[in-house]
Amino acid sequence: MMAASKPVEPQTGGGLPRWQLALLVGTPLVLGAGAVYLWNRSRRKENQGKRNGERKTPEGSASPVPGQPQQDGAANRAGREQEEMSPLDRAQGAKNKGNKYFKAGKYEQAIHCYTEAIGLCPKEQKGDLSTFYQNRAAAYEQQMKWAEVVQDCSRAVELNPRYVKALFRRAKAQERLDNKKECLEDVTAVCILEAFQNQQSMLLADKVLKLLGKEKAKEKYKNREPLMPSPQFIKSYFSSFTDDIISQPLQKGEKKDEDKDKEGEAAEVTESSGYLKAKQYMEEENYDKIISECSKEVESRGKHLAEALLLRATFYLLIGNAAAARPDLDQVINMETANVKLRANALIKRGSMYMQQQQPQLSTQDFNLAAEIDPHNADVYHHRGQLKILLDQVEEAVGDFDECIRLRPDSALAQAQKCFALYRQAYTGNNPSQVQTAMSGFEDVIRRFPKCAEGYALYAQALTDQQQFGKADEMYDKCIDLEPDNATTYVHKGLLQLQWKQDLDKGLELISKAIEIDNKCDFAYETMGTIEVQRGNLDKAIDMFNKAINLAKSEMEMAHLYSLCDAAYAQTEVAKKYGLKPPTL
């Protein structure tokens, strides 16, 4: 649900994964459909093709060791006159012979020659010796002897701590040995040493971070304590539904006679119904008691059984317990005697759950079934439109938003999100005239629906893309006026200060304000952590990411946060071992 959470990011399309942008590259921080940039830095692009090449061949000459005079190089040694070859010359000869065997695919002979070179090389010639070890590691790599690759690369790195080839070869071998943490540290060092110019090392880092994130999230999410989101988040969630029976206020017939005329006060219910008591707690924002009251209704098989199952499932989803929500949703969906609006709502929520679990086919099936059984339900098209945006199916998303608007012309949210979808399509397709049309559409939406905070928020993102920072800031101010307790808006406004004015203090002040408003806003902690990484405050960043992890609302979101945390931790290890740090703000 877009209204209460971060802007959606499509699953397809180009661009670097977020950890690279936010943590390692130190340039754009992608926060949604329109890229919001934390900082603009130019990057060197020369020699890109060479940097992107696969490192397969052994080296012909020694890699320089920082701080060591470069002597006895091939050119100098070639000019030397002496009656007999020095040990280093003989070592170089053995290495050259090994290189010929390597190129011919005769790896065992190559290994023998490199071993001879290592034995002949004087120990003080660290640059040459590190090259011989690295070359032998390259031959072992061709034989898929991963432990030997790690061993020889480690010797090469001991001799030359910033030896990129050896570090990257060791990273690949560690991956093969399933040593993900060690692999990540090596490839992080490579990324920093290469100024993030080599796509191959970036891709390996991304792959390992995702695997680590998934592993850790699977274990943590399974054993996590359920956590109720903030009242603001819950209210925003329910506001994204208009045909949701369970979120409607108590009806007059459900209240005691003496309370019927008491407007603005919590009503007492007429019967000992767990579901109606749960609805009363909803009005009082006493959300922690809702699941238990719904369970009473379910256990007694009361007349509000379907409603109680759906409300209980909804709160299971809100606290991140999809496993408990699933059977309740299944039961409502299969309850043919239940109100069709309840069944459609359950399908929407199960479809959204599947999308969070990265099962888009099952998600699409549920939304399509919901449209089939309740074709006049605007919520179905509204939420399916958001699913289509996530799947980067913009034209279909626009069609769904149009149908939602046809059914509910006063749906400001659908109007705003339709503009957002059209803007995304034009922006990513680099179509200036369509971008302008979409921007005019936003103006029309905020004119017709001046109290729709989402309209201003989405327009602000588009304005930021277009570098119309002053106007974007005005739009965020309007959001805050309408929804002063929406922490997410403060985060976006804080990020805008960084891009617009490079005002780090103001940006952090606004994000801190978001946490003050809602101390369960995982987006604020995540963003704060990202900024602290770029400032070089890695320990503080890790603390922020861990707070966000504990607040994650899905296993997928938790895996992403673990990836950010692991990337930061890897940098602390690399800084300790090699004195390497990426550029900071």
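D186 is buried, with just 4% relative accessible area (buried means under 20%, exposed over 50%, and partly exposed in between, using a 1.4 Å probe and protein chains only). This is a predicted model, where local features need pLDDT of at least 70 and side-chain atom pairs count only at pLDDT 80 or more, while totals for chains, interfaces and linings use all residues. Residues are numbered from 1 along each chain as its sequence is written, and side-chain values use heavy atoms, with hydrogens and water left out.

Back to D186, then. Its partner is R170: the two form a salt bridge with the closest N and O atoms 2.7 Å apart (a salt bridge being a side-chain nitrogen of Lys or Arg within 4 Å of a carboxyl oxygen of Asp or Glu). R170 is buried as well, at 11% relative accessible area. D186 sits in helix α9 (residues 180-193) and R170 in helix α8 (residues 164-176), so this pair ties together parts 16 residues apart in sequence. Helices here are DSSP runs of H or I with at least four residues, strands are runs of E with at least two, and both are numbered from the N terminus.

Helix α9 has a further salt bridge of its own, with K181 and E185 meeting at 3.0 Å, N to O. These two are four residues apart in α9, which puts about one helical turn between them. In general, an α-helix has 3.6 residues a turn, so residues three or four places apart point the same way. K181 is partly exposed, at 41% relative accessible area, whereas E185 is buried, at 7%.

E185 also pairs with K577, and here the closest N and O atoms are 2.7 Å apart. That contact links distant parts of the chain, since K577 belongs to helix α28 (residues 555-578) and E185 to α9, 392 residues away. K577 itself is exposed, with a relative accessible area of 53%. Elsewhere, R326, D330, R350 and D366 are joined into one network by salt bridges that share partners. Across the whole structure, the search turns up 38 salt bridges.

Finally, there is helix α22. Spanning residues 453-465, α22 has 13 residues and reaches 19 Å from its first C-alpha to its last, close to the expected 18 Å at 1.5 Å a residue (the expected span is 1.5 Å times one less than the number of residues). α22 is mostly covered, with 13 of its 13 residues buried. Just after α22, Q467 takes a positive phi of about 60°.
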